[in-house]
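Here is a short briefing for a first look. Please keep the sequence and the 3D view open as you read.

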Number of protein chains: 2
Amino acid sequence: MRDTYHDHLDAVVDDLIQMCRLDARAVAQATAGLVGADLGAVERVIADDESVNALYRGVEMQAYDLLARQQPVAGDLRVLVTSLRIVVDLERAGDYAVHLAKIARRRHPASAVPDEMRDTFLQMGRTAEEIVRKAGDVIATRDLSLAAELEHDDDAMDDLTRGLFTQLLQGGGGDIEAAIDVTLAGRYYERLADHAVAVGRRITYMVTGEHSTPPA
Amino acid sequence: MRDTYHDHLDAVVDDLIQMCRLDARAVAQATAGLVGADLGAVERVIADDESVNALYRGVEMQAYDLLARQQPVAGDLRVLVTSLRIVVDLERAGDYAVHLAKIARRRHPASAVPDEMRDTFLQMGRTAEEIVRKAGDVIATRDLSLAAELEHDDDAMDDLTRGLFTQLLQGGGGDIEAAIDVTLAGRYYERLADHAVAVGRRITYMVTGEHSTPPA
């Protein structure tokens, strides 16, 4: 009985790690879709989001079930409660990848990304992908120095977004429609990364009990 | 001892309701700041966010503490876990009001809202304020029909945001800087309302155990 219980607990954590993998792949593909007007990539992001949502529902039900039946204490309790909070961030991160993909789809066969912003978008895509993967590593290892790294990685993302807005204001973004798309896309990358950083903060709180800034 | 415990539990829920009140006031003031270039209102939103954040930290610590010490079961357990999820939405809703206020501050003494969009913004502000207040009522009463109303209210907000983007594309938003601000502001109202709707969904899940769509 106790073994089954711990198996279930491990399964919850494994599902969270799997969500990070899916989110990382989704943002990479969404970026390919945006920058390269790659409709196949776009459709995969949108279709794959159902897997993220299924994991969300699974984690939620499993975690509530374990809380209710097993009355876990101390460490296990914190893991479960933290999982119920992290799963929201990871589901939401997946939604942002879908939002990015949908911008690409709306503008296809044109690219939503003006030529002079391609490099910035590619960098934002890589940065977001790496942050989300690292969040998965933090969940797997509970390595707090890795969680702290996420904050720096997020600064890099914020710099990229700021640069994007500067480019836009300098007239690099073309017409109003392009400006709306670039503004929203920049915001989506930023928020996607924020949710990965929030995962790091929640794991830190779970391990140390020390309160950081509000995580999202 | 049990009484103290239930007092603490009630205090957690009261703090969530108070956060809704503060969020509703913040979005009303942020709208006044945006539409009327009212710097006093803007500064109050930014200053008052510290109260929201303090409530966030208080709820989080209190809820974890009750979970760890009291090992609540069944209904109480669900209330605490749900509170730990709702508090994130309410803290985040407050952040969106601050984001709105900061747009107004950046553009002051000019208004960030083009004249022809004033009415839409006033309506978005009122709609957001009402949704957040209603979320507070859902927390207080656990009235699921009220929670369901939030979904309709949110549709109205989405319609308003869509209308805003249409206006922008028709050239109503002025230059690129205005287009960026209006795009972001529209998005912030939309997300603020989404978080209030999420509160309704989480309360519904807490009461029924039935899984809806991912809430955020």
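What follows covers how the chains meet, what holds the contact, and how the copies are related.

The model is predicted. In it, 42 residues of chain B are in contact with 42 residues of chain A. A turn of 180° lays chain B on chain A.

**Extent of the interface**
- About 3800 Å² is buried between chain B and chain A.
- Carbon and sulfur atoms give 65% of that area.
- Three residues, B:Y64, B:R85 and B:R187, supply 17% of the area that chain B buries against chain A.
- No other three residues supply more.

**Polar links**
- The rule finds 2 salt bridges across the interface of chain B and chain A.
- A:E60 forms a salt bridge with B:R85, and their closest N and O atoms are 2.4 Å apart.
- Across the interface, 6 residue pairs are in polar contact, with both residues at pLDDT 80 or more.

**The side of chain B that touches chain A**
- Helix 2 (39–70), helix 3 (74–107), helix 5 (144–172) and helix 6 (176–208) of chain B each give two or more residues to this side.
- Helix 3 of chain B gives the largest share, 12 residues.
- The residues of this side divide into 24 nonpolar, 7 polar and 11 charged.

**Symmetry**
- The turn of 180° comes with a shift of 0.0 Å along the axis, and the RMSD is 0.0 Å.
- That is the relation of a two-fold axis.
- Both copies use the same surface: 100% of the contact residues of chain B recur in chain A.

Definitions and conventions. Residues are numbered from 1 along each chain as its sequence is written. Chains are lettered from A and ligands numbered from 1 in the order in which they are written. This is a predicted model: local features need pLDDT of at least 70, side-chain atom pairs count only at pLDDT 80 or more; totals for chains, interfaces and linings use all residues. Side-chain values use heavy atoms; hydrogens and water are left out. Contact means heavy atoms within 4.5 Å. Buried area is the accessible area (1.4 Å probe) that two parts lose on being put together, summed over both. A salt bridge is a side-chain nitrogen of Lys or Arg within 4 Å of a carboxyl oxygen of Asp or Glu. A polar contact is a pair of N or O atoms within 3.5 Å; within protein, one must be able to donate a hydrogen and the other to accept it, and residues adjacent in sequence count only if both atoms are side-chain atoms. Helices (H or I, at least four residues) and strands (E, at least two) are DSSP runs, numbered from the N terminus. Ala, Val, Leu, Ile, Met, Phe, Trp, Tyr, Cys and Pro count as nonpolar, Asp, Glu, Lys and Arg as charged, and the others, Gly among them, as polar. Copies are superposed by least squares on the C-alpha atoms of residues with pLDDT of at least 70 in both.
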